[in-house]
Amino acid sequence: MNRVKERLQTGGFVLGTMISEVTCPNLMRIFKAADFDYVIVDCEHGYFDFSHLAAMASVANGVDLPMIVRIPSIDRGMITRLLDMSVDGLLVPMVNTCEEARQIVHYAKYPGLGSRGVSTQRAHTGYNPPRLEEYFEMANERTMIFAQIETREALDHVEAIAGVEGIDAVVIGPNDLSIDLGEPGNLASEAMNRAIDRVIQGAGRAGKTSGIITSSMEVIRACRQKGMNVFSCDSEVGMLIKTARKVAASLKENA
């Protein structure tokens, strides 16, 4: 079990960030050095190909930085390839029902929990697989699955989604959720606050944890106070833009 999964199970603070389009594998070393707990590589909106992902996963494994991939849809082929290249988990957008959550687990977990396709002489076993029964248990324990809550429908089913065995956390995608709530981009609305409370309470009743993906540190602090513990803050592009603007503004101010 990796340290992120351990903290999820004990309610500890877990901080990640999104990699949205920069394909440099050494970003993993950078975010490890910056003391992030994990990274999410965005394949829902990003344009990474499998060779990019394999190189990034290799470096992430080497520096012990858990790498989660946000997949564009519940697709057996993509899930199998990603897990076989040794990514640590999946973030799945627009999970609206427990049936969808069960389908993700079915594709991502080996027998005992699911029906993941088996090919063991690959990166995910270090090219040195143990006995299958032993490896199935190890891999199922390692692989994390985060279900993204982004619609009113998902809010109605959040406890059932969180309660699916194999789902580790339910994570709010606030931009899409705010749109579905009729308050586009307003993360401070009463509707969003109620939604956050529903996700925390639903996850808690299911014995699971919850979180949010946002660039707002204020929102993260507020959600942490409410009881959330898994967060993804900003992205490599967001941090680059903010720092670049700050440097340029500072140097041009009295030029």
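How many bridges join β3 to β4? In this predicted model, the count is three, and the two strands run parallel. One spot to look at along this pairing is Val69, which stands opposite Leu90 in β4. To get from β3 to β4 the chain passes through α4, and the resulting β-α-β crossover is right-handed.

On its other flank, β4 is joined to β5 by four bridges, again with the strands running parallel. Leu90 turns up here too, standing opposite Ile145 in β5. As for the side chains of β4, Gly89 and Leu91 point one way while Leu90 and Val92 point the other way, and all of them are buried.

Zooming out, these strands belong to a closed barrel of eight, which runs β1-β2-β3-β4-β5-β6-β7-β8 with parallel pairing. From one strand to the next, the twist averages 25°. Further round, strand β6 (residues 169-172) and strand β7 (residues 209-214) run parallel and are joined by four bridges; here Val170 has Ser210 in β7 as its bridge partner.

Then there are the helices. Helix α3 (residues 50-63) lies across three strands, namely β1 (14-19), β2 (38-42) and β3 (67-70), and runs at about 155° to β3. Helix α5 (residues 98-108) has Cys98, Ala101, Ile104, Val105 and Ala108 as its buried residues. These cover an arc of only 115° around the axis, so they sit on the same side of α5. That fits the general pattern: an α-helix has 3.6 residues a turn, so residues three or four places apart point the same way. As for what they meet, the buried residues of α5 pack against α4 (76-84), β4 (89-92), β5 (144-149) and α8 (158-162).

Aromatic side chains add another layer, with five aromatic pairs in the structure. One of these is formed by Tyr38 and Phe146, an edge-to-face pair at 6.4 Å centre to centre with 85° between the planes. Tyr38 lies in strand β2 and Phe146 in strand β5, so the pair ties together parts that are 108 residues apart in sequence. Both Tyr38 and Phe146 are buried. Elsewhere, Tyr110, Tyr135 and Phe136 form one aromatic cluster.

Technical notes:
Residues numbered from 1 in each chain as written. Predicted model: local features only at pLDDT ≥ 70, side-chain atom pairs only at ≥ 80, totals over all residues. Heavy atoms only, no water. Pairing = 2+ DSSP bridges. Axes fitted to C-alpha atoms, helices over the stretch in contact; angles between N-to-C directions. Contact = heavy atoms within 4.5 Å. Buried < 20%, exposed > 50% of the residue type's maximum accessible area, 1.4 Å probe, protein only. Arc of directions from axis to C-beta. Right-handed = clockwise from strand over helix to strand, strands pointing away. Phe/Tyr/Trp six-rings, centres within 6.5 Å; stacked < 30°, edge-to-face > 60°.
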